[in-house]
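Thank you for making time this morning. I would like to walk you through one structure, going from a helix to some strands and then to the pockets.

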Amino acid sequence: MVVLYEVQPDSRPDIDTELPIRRTSARLKTVGAKKYTVSPSPTKKRKAPISNKSGRVEKIRTINTDCLEECAGAENSAAGSDPSEKSDTGRVEKKQRIRKVQFKEDAEVVTHGSEAAVADSTAYTKVIETLRTFNKHYLHFIQEEENRCARQKSEEKKNVKKDSKYKKKDKSEDCAKKSSKRPDLKAITEMMNTGAILYTEKRIGPFPGIDVGHQFFSRAEMVVVGFHNHWLNGIDYIGKTASAGRKTSMNLTGYNLPLAISIVLSGQYEDDVDNCEDVVYTGQGGNDLLGNKRQISDQVLKRGNLGLKNCMEQSVPIRVVRGHKCENSYVKKVYTYDGLYTVVKYWAEKGVSGFTVYKFRLKRVEGQPSMTTKEVCFTRGRIPKSISEIRGMVCEDITRGLESIPIPVTNLVDDPPIMPPGFIYIKDMKISTNISVPEIAPSGCKCKGTCTDHTSCACAKLNGGDFPYVHREGGRLVAAKGVVFECGPNCGCGPKCVNRTSQSGPRFRLEIFRTPKKGWGVRSWDYIPSGSPICEYIGLLRKTDDLDPAADNSYVFDIDCLQTMKGMDGRESRLRDVSLPSYLQKVGEDATESVPFCIDAGKTGNFARFINHSCQPNLFVQCMLNEHHDISLARIMLIAADNIPPLKELTYDYGYALDSVMDGEGNIKQMACYCGAEECRKRLY
């Protein structure tokens, strides 16, 4: 029996009634270089206050750019330092002539083919698209590696009766190949080969689309954007061998090279001192690359170290990134951009381990936004010790125990604070009495325990010949599809099968919070990796024709997966992404533009009903089938499109077409959008 929790209506007017009337569909939406707009339907407009909100699955477009330049310089050698080089240390004389680097405007920076490919897209959108492309390749290579391991395990079982010498050799050969199996480095190589690196020209100073506080989930993400072009080295720099053309394009003619452009503080050197605004940075080279941070040889004043010295003497600012621990990142760290710093002093000394190291004192440039690293480490990433630490809390758990993880509600906007009024929380879908859900489940796969062999699993074949998920971080969707076929009741696998990922319920610590202009919203206290299922859209499953056009219902979601897969009514066709069973192919041939069923979360539903719209969302909609294969009654899941940092509001694109909503008299209605995105359309519809 499903336990219902009803929040008593408040006597005050419901502020949410002044917000956009929300009705969504499962349409798929392309996220390309253009702004996130949906062309109005040429065939129909609704003549009712109930309007379509469309959270369409996002298709990732690859940005065409020239290949990334090879990283300048290799790892510093372990040679001893020359005493003559130490004489260069010291303070810069006040009377020294300071030459300022003239930073180019974003539109003027030479990035070869990438500028033309996404000319109508802002710098922020370019960064988002590039990181999504990287994550797509990254998850794809994880999938390849998981398939390889599954094949190897299967072969080992077949060879279990063979001699141990054969098996030992096989494992030894596999270990020798492990160094080449890193999916992040493979993803970098793939993007270099396909010209998908965003900015191939190294940049000094501010970086377009990356603000102070931006977080990268790995150094590889910094590489594909062009923010820091070394996936291993802590110092990125423009080398002495830079061509005359590059010097001219970057306004560096007359400057002494190399010049450092960015550094990463990640605790790899035992001599580092970090006081946030004032940093003593240990130069590169001579440390133990195995990760124990100890110095094993002298550093020398060349490459990145010389680049830092030249930056001090020529007043060139440096981007500073800090790494801190994060269990949700595949490298167990998150890297936060903390702004521009200047080198004010450098010197050489004997380090803790007795070897010569170069020290650089950096001071943060004034007038920049406040640093967020402390906030991220000690507020965002920390589990509250008690309920009293949550400011503005009006409910400890809106689910009343229905979900495995409590979802608190906070309100720092209203005085006195109020709860979401007139709402019953449910965990499972309610079904109208006039709807018959198929009772006979599909035959399912014959796998045992968990599905591992995509070549023999019947459910994998329905998904185009492979599993839609990888095992990392509790299960991540590799790419958006027209529909995902998950394992169902008649499958031989158990509940921990990777192809049941979306059926496990919410796995992140979430919070429903009051916003100043958008009513209620949802955010996470945890880092959310891209491809992670967030929740299913839950409510009352009903026929679309049963909706009252005059009712002010803000939470209706059309189940139009089949229409989307067929590309009807202006939708983007994604039928190529799946292998439909023969009986579904027949249904697809008879499909019409009408959407027979919808999910009504107006009075009953889960926290998905509180997730707001954004013109630049971080979630997308994915149709799922598992208990049955009736595409018109597919489950609607919200999936992370990006790596989402803590306290970032969760949003998806409702997909309204401008001027598509009409009132009862046929007049076009307009509603302002307050999503605050860089490319906000300013209108919801």
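Please keep in mind throughout that what you see is a predicted model. I will begin just past the end of helix α5, where Gly195 follows the helix with a positive phi, near 70°. Going back into the helix itself, which covers residues 183-193, we find that Pro183, Asp184, Ala187, Ile188 and Met191 are buried. If you look down the axis of α5, those buried residues fall within an arc of 145°, so they line one face of the helix. What do the buried residues of α5 pack against? Their partners are α3 and α6, the latter being residues 219-225.

Helix α3, residues 123-158, comes back when we turn to the largest pocket, because I would like to take the pockets next: α3 gives the most to the lining of that pocket, with six residues. The space in this largest pocket comes to about 1100 Å³. Its lining is made up of 35 residues, and those that lie nearest the centre are Ile128, His214, Asn618, Pro645 and Lys648. By class, the lining of the largest pocket holds 13 nonpolar and 13 polar residues, together with nine charged ones.

The second largest pocket has a volume of about 760 Å³, and 36 residues line it, with Asp428, Met429, Glu536, Ile538 and Arg635 lying nearest its centre. Which strand gives the most to the lining of this second largest pocket? That is β23, with four residues, while β23 (533-536), β29 (619-625) and β30 (635-640) each supply at least two. Sorted by class, the lining of the second largest pocket has 18 nonpolar, 10 polar and eight charged residues.

Let me now move to the strands, starting with β26, which spans residues 597-600. Are the residues on the two faces of this strand buried or exposed? Phe597 and Ile599 on one side, and Cys598 and Asp600 on the other, are all buried, and both faces of β26 are therefore covered in this model. 

β26 runs antiparallel to strand β24 (residues 540-543), and four bridges join the two, with Lys543 as the bridge partner of Phe597. Strand β25, residues 556-558, also pairs with β26 in the antiparallel sense, over three bridges, and here Phe557 is the bridge partner of Ile599.

A separate topic is an open sheet of four strands, in the order β14-β15-β21-β22 and with mixed pairing. The edge strands, each pairing on one side only, are β14 (393-395) and β22 (520-524). β14 pairs with β15, residues 409-410, in the antiparallel sense over two bridges, and Cys395 stands opposite Val409 of β15.

I will finish with Gly392, which sits in the loop between α9 (373-380) and β14. At 26% relative accessibility, Gly392 counts as partly exposed, since the cut-off for buried is under 20% and that for exposed is over 50%. Leaving aside neighbours within four places in sequence, Gly392 is in contact with Val409, Thr410, Asn411 and Leu412. The C-alpha atoms of Gly392 and Val413, which are 21 residues apart along the chain, are separated by 8.8 Å.

Notes: Residues numbered from 1 in each chain as written. Predicted model: local features only at pLDDT ≥ 70, side-chain atom pairs only at ≥ 80, totals over all residues. Heavy atoms only, no water. Pairing = 2+ DSSP bridges. Buried < 20%, exposed > 50% of the residue type's maximum accessible area, 1.4 Å probe, protein only. Contact = heavy atoms within 4.5 Å. 1 Å grid on protein atoms, 1.4 Å probe; cavity = no way out; pocket = protein on both sides within 12 Å on 5 of 7 lines; lining within 4 Å. Points joined across faces, edges and corners; volume = space filled by probe spheres on them. Nonpolar A, V, L, I, M, F, W, Y, C, P; charged D, E, K, R; others polar. Arc of directions from axis to C-beta.
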